[in-house]
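Visitor: I'd like to go through a model and ask, at each stop, what earns a label its place. Can you walk me through it?

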Amino acid sequence: MPFRITNESIYLGIAILFITAPNIAHIILSALLEDSFAIPYLIITCSFFCLNIFLLFKTSCSNPGYLSKNSSLPEETTGVIEINGITVRLKLCNTCNILKPPRVHHCKVCDFCVDRQDHHCPWVANCIGRKNHREFVMLLLFSTLESAYLIVAELCVAIITDDPPGRYAGEIILIVYGAIMFWSVGGLLLYQLYLIFLNKTTHEHRRRIFGNDNPFKYGCCKNLLLFCSMKAETPASKPSPQINNQIEENS
Ligand SMILES: [Zn+2]
Ligand SMILES: [Zn+2]
């Protein structure tokens, strides 16, 4: 998927700025300290910066799990499959001309079907799917940790190590910024962790696709392991063209 110059490029640029600006400000403030804390601050800040930038670009530039398109309609345009004792209906993607396997959804922004599509994220200018979902969650995790670190480190600078006292403008701005990021990114991280333990994607959860009969739910520990491995779900049967009366929706 070639990089597109769209509104998403602007979102991605803002995301890079959100990572870069507070780190540079914190590095400058730390470098001004004539204190033994200065070196640890610099090392921790540079580590968070490199890690978050790496994860941002890894998530943004990875193929999330695009499926190939067909030039013509497949032989079977509908079917059912059994997973974990639950029958799931397979649907046709009229754009890609494929019978979508379970958990595959078509992204209108990317214009491709994406395996285990979670959502399309403008902040990384990419879909979040089977092949980059772990990097996305790691990005949320380390961004939240960095926000907490910024708050604690700048409070320490303002209260303990800043001398003379009273020049706290830089510290206060970074503490407020850290608090806003901790609240917003941390909230998204909690939602993603909630979905991981249910083995649901954002798409499946928001659209209530499986209701209470989620065929991919195996218990918290196994759901977490499945997320870490990102292995494809193994259906109990091959797709069948028969339509069962007790079908679960798989849009
Ligand atoms: Zn499609
Ligand atoms: Zn997409």
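**Labels and what backs them**

Guide: Let's begin with helix 6 (residues 220–229): of its ten residues, the number buried is zero, so helix 6 lies largely in the open. Bear in mind throughout that this is a predicted model.

Visitor: What makes Lys-222 of helix 6 count as exposed?

Guide: Exposed is the word for 12 or fewer other C-beta atoms within 10 Å. Lys-222, which is found in helix 6, has 11 such neighbours, so it counts as exposed. In space, its C-alpha is 9.0 Å from that of Asn-199, and 23 residues separate the two in sequence. Just after helix 6 comes Met-230, with a positive phi of about 55°.

Visitor: Which other residues take a positive phi without being glycine, Arg-103 for one?

Guide: Arg-103 does, at about 70°, and Asp-111 does too, with phi near 60°. Arg-103 sits in the loop between strand 4 (98–99) and strand 5 (104–107). Asp-111 has its place in the loop between strand 5 and strand 6 (112–115).

Visitor: Is Arg-103 called buried or exposed, and why?

Guide: Buried takes 20 or more other C-beta atoms within 10 Å. Arg-103 has 25, so it is buried.

Visitor: And why does Asp-111 get the label it gets?

Guide: Asp-111 has 12 C-beta neighbours inside 10 Å, and because the exposed class takes in 12 or fewer, Asp-111 counts as exposed.

Visitor: How do you know that strand 1 and strand 2 pair?

Guide: Two strands pair if there are at least two bridges between them. Strand 1 (residues 79–83) and strand 2 (residues 86–90) have five, in the antiparallel sense. Ile-83 stands opposite Ile-86 of strand 2. Their hairpin has two residues between the strands, and Asn-84 there takes a positive phi near 55°.

Visitor: On to helix 2. How does its reach compare with the expected span?

Guide: Helix 2 (residues 38–61) has 24 residues, and the expected span is 1.5 Å times one less than that number. That comes to 34 Å, and from first C-alpha to last the helix reaches 34 Å, so the value is close to expectation.

Visitor: Which residues of helix 2 are buried?

Guide: Tyr-41, Thr-45, Phe-48, Asn-52, Leu-55, Leu-56, Thr-59 and Ser-60. An α-helix has 3.6 residues a turn, so residues three or four places apart point the same way.

Visitor: What about Ser-47, buried or exposed?

Guide: Ser-47 lies in helix 2. With 12 C-beta neighbours inside 10 Å, Ser-47 counts as exposed. Its C-alpha is 9.9 Å from that of Glu-146, although the two are 99 residues apart along the chain.

Visitor: Where does the UniProt record put a transmembrane region?

Guide: The entry, an unreviewed one, lists residues 12–32, 38–57, 136–160 and 172–198. Such annotations may be inferred rather than shown by experiment.

Visitor: How much helix do residues 136–160 and 172–198 have in the model?

Guide: Residues 136–160 are 100% helix and 0% strand, with end C-alpha atoms 35 Å apart. Residues 172–198 are likewise 100% helix and 0% strand, and there the end C-alpha atoms are 39 Å apart.

Visitor: How do helix 1 and helix 4 pack?

Guide: Helix 1 (residues 7–32) and helix 4 (residues 169–198) pack at an angle of about 145°, their axes 11 Å apart. The contact is made by Pro-22, Ala-25, His-26 and Leu-29 of helix 1, with Gly-170, Glu-171, Leu-174 and Tyr-177 on the helix 4 side. Helix 1 passes helix 4 in a left-handed crossing.

Visitor: What is the overall count of helices and strands?

Guide: The protein chain comes to six helices and eight strands. From the N terminus on, the order is α-α-β-β-β-β-β-β-β-β-α-α-α-α. Of the 251 residues, 29% are buried. Among contacts between residues at least 6 apart in sequence, 66% join residues at least 24 apart.

Technical notes. Residues numbered from 1 in each chain as written. Chains lettered and ligands numbered in written order. Predicted model: local features only at pLDDT ≥ 70, side-chain atom pairs only at ≥ 80, totals over all residues. Helix = DSSP H or I, 4+ residues; strand = E, 2+ residues; numbered from the N terminus. Axes fitted to C-alpha atoms, helices over the stretch in contact; angles between N-to-C directions. Left-handed = near helix turned anticlockwise from the far one by under 90°. Contact = placed C-beta atoms within 7 Å.
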